[in-house]
Amino acid sequence: MLTWPAPQIPALPGHGGPVQVRDSSTGELVVAAPGSRASLYVCGITPYDATHLGHAATYIGFDLLVRAWLDAGQTVVYASNVTDVDDPLLERADATGMDWRDLAADQTALFAADMTALGVIPPDVYTGAVEAIPAVVGAVESLVADGAAYRVGTPDASGAGTDDVYADLAADPGFGLVARLGRDEMLALSAERGGDPDRPGKRDPLDPLLWRAARDGEPAWDGGTLGAGRPGWHIECAVIARDGLGLPFDVQGGGSDLRFPHHEMSTSHARLLDDGAGAATHVHTGMVALHGEKMSKSLGNLVLVSRLLDAGEDPMAVRLAVLAHHYAADWEWTDAGLAQARERLELWRAAVSGNGAPDTAAMLAGARAALAADLDAPAALRVVDDWARASVAAGGRDDLVEGAPGVAARAVNALLGVRL
Ligand code: ZN
């Protein structure tokens with residue numbers, strides 16, 4: 001699948017230090033990618049509705065991680081997916097009378113346009129669920145052969161090849177280590193977030209779907225020995241991460257609502273596919289609310305990036321409004337927050353508009369230190385604010401450093417993805 005165009009990342013003097021993030025499984029701060037190569041998988045969208053601020057906050061959050069790794073001199077390999085066939089997409093296509101392929105293509109293109117406008121670095125490996133089907137079939141066949149997956153007859157089973165295939169979680173002694181939840185909580189979240197704990201015939205109510213046998217009116221693909229059907233969601237990400245990054249990889253990321261079951265299950269699948277290795281560290285972004293409730297498609301309380309941009313909003317103000325909150329925090333989108341971001345953007349642009357400005361060394365070091373400490377964007381913004389206020393206040397003085405505005409603009413662009 002084609003990605004969107006990569007933003008230019010200006011070179012800066014020196015390098016940032018090792019980047020710490022909070023492992024959401026243990027709560028500990030860790031240097032998640034200690035080597036020269038840093039690998040990241042961030043779960044992509046299911047393209048049935050436009051990008052809202054919750055998505056934007058997730059991808060901007062992990063974009064900061066990519067930028068911090070690059071600034072630390074590391075090579076970054078970033079993989080992501082597009083779940084371009086799944087129940088919610090098919091349901092939306094049915095409800096709107098659109099062909100599901102057209103809906104997926106339209107929404108994937110809109111997402112790419114939003115990411116481009118927001119200055120998000122595209123993944124190096126970008127794979128659609130449909131593209132990954134042959135690899136998923138091979139993976140599920142190998143799990144069946146290893147006894148880590150089993151067949152469950154479909155409700156209208158008429159013979160061989162009409163079985164759904166489920167993972168047998170009992171085969172994975174590491175299951176549960178990602179989200180570390182009690183069984184009741186896991187059962188409740190499974191029912192709420194796309195699982196089917198009540199499906200008869202499963203060995204454990206939590207066992208997740210790997211392969212859904214073909215049903216009338218649903219798209220289906222050749223599944224080899226599995227029979228015709230389509231992939232489950234968790235195995236899709238496990239296989240795309242394995243093939244895009246290799247196992248194990250450094251960080252698996254996504255919104256905190258993906259912690260369970262999605263990341264728990266995809267990590268379990270990866271572990272069984274590779275004898276014990278999935279993502280080393282899990283990192284999760286907070287949820288964005290509007291009018292006191294989490295932004296969600298089902299509630300309909302969405303602020304769409306494309307709608308803000310169509311109304312003439314500067315995408316860099318939208319980005320700054322997101323960066324004013326720590327990635328892991330839950331926060332609320334407000335008009336006041338957007339207005340503050342506009343003011344900040346104006347201040348920063350004024351601060352880099354002259355030929356000279358105060359020295360940038362402390363600002364650059366401060367922003368780098370903030371980002372290396374669990375991607376503390378709000379602290380980095382305050383460091384830039386201090387410099388920018390000093391620059392504006394000092395305008396016209398002749399003891400300013402020539403070229404400093406350019407260094408500041410490049411620093412803000414490279415580290416925070418904000419184009420001034
Ligand atoms: Zn995923």
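Hi everyone. About 90 Å³ of space lies in the largest cavity of this protein, and that is where I'd like to begin. Please keep in mind that we are looking at a predicted model.

So, what lines this largest cavity? There are 15 lining residues, and those nearest the centre are Ala57, Val322, His325, His326 and Tyr327. Two elements, H1 and helix H9 (315–323), each give two or more residues to this lining. The largest share comes from H1, with 5 residues. If you sort the lining by class, you get 9 nonpolar residues, 6 polar ones and no charged ones.

The count comes to 4 cavities of 30 Å³ or more, and I'll show you one other. The second largest cavity holds about 50 Å³ of space. Its lining is made by Gly16, Gly17, Val19, Ala68, Asp71, Arg368, Leu371, Ala372 and Leu415. Here H1 and helix H11 (361–372) are the elements that give two or more residues, and H11 has the largest share, with 3 residues. By class, this lining divides into 5 nonpolar, 2 polar and 2 charged residues.

Now let's move from cavities to a pocket. The second largest pocket has a volume of about 170 Å³. It is lined by 13 residues, and the closest to its centre are Leu90, Glu91, Asp94, Gly217 and Glu218. Which helix gives the most to this lining? That is helix H2, residues 87–96, with 5 residues. As for class, the lining of this pocket has 7 charged residues, 5 nonpolar and 1 polar.

Next, please find the sheet. It is an open sheet of 4 strands in the order E6-E7-E8-E9, and the pairing is antiparallel. At the edges sit strand E6 (149–153) and strand E9 (229–231), each of which pairs on one side only. On average, neighbouring strands here are turned by 20 degrees against each other, ignoring direction. If you would like one pair to look at, take strand E7 (residues 163–167) and strand E8 (residues 209–213): they run antiparallel and are joined by 2 bridges. Within that pair, Val165 of the sheet stands opposite Trp211 in E8. Helix H4, residues 133–145, packs on the sheet and touches E6, E7, E8 and E9. The direction of H4 makes about 110 degrees with that of E8.

On to the metal. Which residues coordinate the zinc ion? They are Cys43 through SG, Cys237 through SG and His262 through NE2, at 2.0 to 2.1 Å. Along the chain, these donors follow the spacing C-x193-C-x24-H. The two cysteines link distant parts of the chain, 194 residues apart: Cys43 is in the loop between strand E3 (37–42) and helix H1 (53–71), while Cys237 is in helix H6 (residues 233–245).

Let me finish with some backbone details. Most residues other than glycine have a negative phi, and most peptide bonds are trans. With that in mind, look at the bond from Leu247 to Pro248, which is cis, with omega near -10 degrees. Pro248 is placed in the loop between H6 and strand E10 (249–255). The bond from Phe260 to Pro261 is also cis, with omega near 0 degrees, and Pro261 is in helix H7 (residues 259–273). Then there is Arg180, not a glycine, yet with a positive phi of about 55 degrees. You can find Arg180 in the loop between E7 and helix H5 (183–192).

Thanks for listening!

Methods
Residues are numbered from 1 along each chain as its sequence is written. This is a predicted model: local features need pLDDT of at least 70, side-chain atom pairs count only at pLDDT 80 or more; totals for chains, interfaces and linings use all residues. Side-chain values use heavy atoms; hydrogens and water are left out. On a 1 Å grid over the protein atoms alone, a cavity is a set of points where a 1.4 Å probe fits but cannot get out, and a pocket is an open set with protein on both sides within 12 Å along at least five of seven lines; lining residues have an atom within 4 Å of a point. Grid points are joined across faces, edges and corners, and a volume is the space filled by probe spheres set on the points. Ala, Val, Leu, Ile, Met, Phe, Trp, Tyr, Cys and Pro count as nonpolar, Asp, Glu, Lys and Arg as charged, and the others, Gly among them, as polar. Two strands pair if DSSP finds at least two bridges between them. Axes are lines fitted to C-alpha atoms, for helices over the stretch in contact, and angles run from 0 to 180 degrees between N-to-C directions. Contact means heavy atoms within 4.5 Å. Donors are N, O and S atoms within 2.8 Å of the metal (3.2 Å for Na, K and Ca); water is not among the atoms, so sites may look incomplete.
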